[in-house]
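User: I would like to go through the labels used for this model and the reasoning behind each one. Please take them in turn.

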Amino acid sequence: MGKFLSIFIITFGLLLGTHVQAQNPENITICWDASLSMQNRDLDKDFYFLDTYFKTVQNAKVTVLTFSDQVLSKDDFTVSAGSWTDIKEKLKGFSYDGATSYASLGNYVTGGTVFLFTDGKQNLGTSTPNFGGKLFIVNSSKSFDRGSLNLLSIVNNGDVVNFMEKKSMDDSIDDIEEYSGTILSGTAGLSNAEVYIQGNEEGKVKSDEKGGFRIDGKPGDTLIAVYGNKMEKQVLGDLKTMNFSLGDGGVQLQEVVVSERKAEPEEKINTAYGEENKDAVGYAVQSITEDDIPDAASTVNMAVQGKFSGVNLGINEDLSQVKMRPRNTILGNVYGLIVVDGVPLRQSGSHSGVVYSTDFVNPENIADITVLKGLAATNKYGSLGANGVLLITTKTATYAKQTGEKKDLARLTDNIYEEKIKVNTKTLVTPYLKELKGGKNIREAYDIYLAQRAKYQNESSYFLDVSNFFYGTSPEIALRILSNVLENEDTDYGTLRSLYLRSMEIKNHDMALLAANRMFEVFPNKIQSYMDVAMAQEQLGNYQEALNMYNGMLTGDANPQLNFRGMEKVVGTEVRNLVNTHRAQLDISKVNPKYHNNLTYNARLVLDWNQPDAEFSVQFVNPQKRFFTWEHTEVGDRKRILDELENGNSTEQFEIVGSDTKGEWILNVTYDGNRTPANTSATFLKCTVEYNFGKPNQRKEEFLVRLQEVGEEVQLAKFSVD
């Protein structure tokens with residue numbers, strides 16, 4: 001090391017320049033990065049730098065600022081005859097905690113000579129303060145952000161002293177990047193699958209017990225995943241994370257796979273003559289199903305509006321006044337025929353003014369609607385169908401056809417809620433929280449945390465649980481601890497989304513945006529990351545940025561390689577509400593006109609969770625003490641789970657509408673564990689209740705629970721709808 005230090009002394013002497021001849025005491029500020037990532041710094045190198053400096057500039061007035069998420073301490077020292085022992089002792093004994101932000105430093109540093117000791121990893125934003133003096137940036141950490149260090153030096157016309165800078169002997173190594181992902185068998189992680197770069201089988205790796213893998217490669221390489229006799233390939237590009245699906249649909253018996261291949265089912269549609277194969281009808285037919293009917297549709301008119309080309313209904317007109325092109329007469333009746341479950345209804349008259357109401361048709365009881373025009377309409381209904389026919393099939397009729405009995409769909413059976421209301425009285429118990437409770441005061445508890453951190457910090461929920469422990473007593477300490485989640489470069493998706501959900505709950509939207517941006521950067525193939533960035537931007541008042549992201553998801557322009565259709569309903573609702581709440585501040589020229597008008601609900605509920613691997617069910621209890629259950633399980637909704645694993649969406653929306661929905665609601669959740677037993681990561685579930693949704697007095701409330709024991713039922717939320 002001697003040769004290196006000799007070169008450093010010469011170089012540093014040149015950097016000091018006129019300071020060598022200084023007669024008056026120098027004004028010096030030492031900004032000491034005390035974030036968690038700096039706990040592995042090389043103190044010997046940092047101190048060597050200062051020792052060399054104070055041997056040259058022996059008299060100085062020194063201010064020491066220690067910082068992580070904010071400035072933690074400010075102390076003034078006087079250096080005489082090159083002695084800086086007090087400063088060294090101060091820096092030796094400091095505890096490292098929190099993520100990094102340079103934002104607050106500009107408020108304390110106003111000039112003179114500034115030494116900024118940092119690795120350049122600014123996790124809480126991208127602030128580049130101008131220190132107003134001569135800046136030296138010093139790094140002694142093996143892991144550093146070269147770009148951030150260089151940017152700071154350029155902005156301040158300063159110099160970087162990077163003890164850890166190493167030049168590669170082979171420039172091509174810069175092209176090598178780490179790729180990661182998951183091998184799936186159906187909805188579960190597949191262990192022991194082989195992953196390798198084509199042409200380099202020596203670098204082969206195997207997936208872990210959760211199906212996860214990491215491998216080095218270059219953009220343009222072909223990545224191959226193999227399990228048994230199944231193989232998938234993907235070309236490496238900008239996306240650093242990817243999923244492979246192997247083994248679903250088959251049972252592996254050593255080297256033999258037995259799988260069942262079913263023919264694609266024929267698509268059936270309703271016609272005047274019952275169900276027929278769509279491909280064999282011989283004429284154009286337009287149909288929608290219950291999935292196409294808006295949740296907010298309170299009348300059958302709303303169920304039809306905008307769903308069919310050439311089908312028009314005037315404002316405040318009944319469905320029986322529907323008009324379809326082409327019309328066959330100018331003088332006669334122009335209204336179409338409505339047929340419900342095979343029974344033609346009395347036609348309203350366009351000239352007589354007589355209107356036969358269809359408001360008895362419940363849109364929630366509609367199974368499908370079909371439009372017939374031309375010969376398709378008149379073949380059976382004759383002149384009655386001359387202006388077109390709307391065929392409505394109800395769920396009641398469908399159920400009766402399938403079972404032979406009539407079912408009252410207005411009421412579920414055996415769904416009376418007679419249990420006691422669940423109250424969250426059980427406190428989370430973990431070894432580290434037990435230790436923290438041993439502290440007699442906040443200072444002792446914090447010291448216990450610093451001492452135990454090295455042992456527990458790799459547990460996925462450690463920082464979130466400990467932050468929650470301190471939040472009620474010291475929000476400042478709690479947020480610093482919470483920010484440590486951003487310090488770990490290898491933080492998994494579930495933990496990052498936990499940070500996002502917790503930050504949104506406590507309304508720290510800056511932290512939420514940082515977590516969302518990290519997810520967006522590290523997991524760009526998960527469509528939830530796009531949604532979370534937009535939501536955080538919206539909460540921060542960055543409405544145009546939020547709208548651009550939402551709209552990009554609806555159009556697919558946000559990332560043409562991803563499938564955003566699974567979130568169309570949730571995102572569309574957000575766009576409608578954002579446009580109608582902040583229209584004057586937005587450019588909506590690129591937004592589809594169908595999203596320009598808002599929807600209104602008594603309340604809108606949004607569920608968010610952090611672990612795609614988690615299984616749980618949510619019980620909704622209404623004011624009449626009746627309930628229904630929504631399941632996030634493979635058995636309950638396999639299609640939803642597969643879509644979530646493939647595309648990474650973990651948000652679901654529910655609407656509360658109608659006069660009988662006013663009163664107290666209860667949401668209970670039962671945790672069924674994780675589909676992959678080896679996945680022991682904590683699961684968080686958040687419920688956002690948006691009261692009077694789409695109305696001027698809209699407001700919201702958020703509830704967050706940490707799901708612990710398998711099979712345990714806890715209350716997620718309790719609220720009242722006005």
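Analyst: Contact here means heavy atoms within 4.5 Å. Note also that this is a predicted model.

User: Which residues is Asn156 in contact with, leaving aside its neighbours within four places in sequence?

Analyst: By that cut-off, Asn156 touches Pro129, Asn130, Phe131, Gly132, Gly133 and Leu135, with neighbours within four places in sequence left aside. Asn156 itself sits in the loop between α4 (146-155) and β6 (159-162).

User: Why does Asn156 count as buried?

Analyst: Buried means under 20% relative accessible area. Asn156 has 8% relative accessibility, so Asn156 counts as buried.

User: What makes the pairing of the Asn156 side chain with the backbone oxygen of Leu152 a polar contact?

Analyst: The pair must be N or O atoms within 3.5 Å. A polar atom of the Asn156 side chain lies 3.0 Å from the Leu152 backbone oxygen.

User: Now the helices. Why is α10 called roughly antiparallel to α11?

Analyst: Helix α10 (residues 462-471) and helix α11 (residues 475-483) pack at about 175 degrees, with axes 8 Å apart. Angles over 145 degrees count as roughly antiparallel. Therefore α10 is roughly antiparallel to α11. From α10, Phe463, Leu464, Val466, Ser467, Phe470 and Tyr471 make the contact; from α11, Pro475, Ile477, Ala478, Leu479, Ile481 and Leu482 do. By class, that contact has eleven nonpolar residues, one polar and no charged.

User: How do you know that α12 is roughly antiparallel to α13?

Analyst: The axes of α12 (residues 493-505) and α13 come within 8 Å and cross at roughly 160 degrees. The cut-off is again over 145. So α12 is roughly antiparallel to α13. Their crossing is left-handed. The contact includes Tyr493, Leu496 and Arg497 of α12, and His509, Met511 and Ala512 of α13. Its residues divide into ten nonpolar, two polar and two charged.

User: What makes α13 roughly antiparallel to α14?

Analyst: Axes of helix α13 (residues 509-522) and helix α14 (residues 527-539) cross at roughly 155 degrees and come within 8 Å. That angle makes α13 roughly antiparallel to α14, the cut-off being over 145. The crossing of α13 and α14 is left-handed. Among the residues that meet are His509, Leu513 and Phe520 in α13, and Tyr530, Val533 and Ala536 in α14. By class, the contact of α13 with α14 has eight nonpolar, five polar and one charged residues.

Conventions: Residues are numbered from 1 along each chain as its sequence is written. This is a predicted model: local features need pLDDT of at least 70, side-chain atom pairs count only at pLDDT 80 or more; totals for chains, interfaces and linings use all residues. Side-chain values use heavy atoms; hydrogens and water are left out. Axes are lines fitted to C-alpha atoms, for helices over the stretch in contact, and angles run from 0 to 180 degrees between N-to-C directions. Helices (H or I, at least four residues) and strands (E, at least two) are DSSP runs, numbered from the N terminus. Angles under 35 degrees count as roughly parallel, over 145 as roughly antiparallel, 65 to 115 as roughly perpendicular and the rest as oblique. A crossing is left-handed if the near helix is turned anticlockwise from the far one by less than a right angle, and right-handed if clockwise. Ala, Val, Leu, Ile, Met, Phe, Trp, Tyr, Cys and Pro count as nonpolar, Asp, Glu, Lys and Arg as charged, and the others, Gly among them, as polar. Buried means under 20% relative accessible area, exposed over 50%, partly exposed in between (1.4 Å probe, protein chains only). A polar contact is a pair of N or O atoms within 3.5 Å; within protein, one must be able to donate a hydrogen and the other to accept it, and residues adjacent in sequence count only if both atoms are side-chain atoms.
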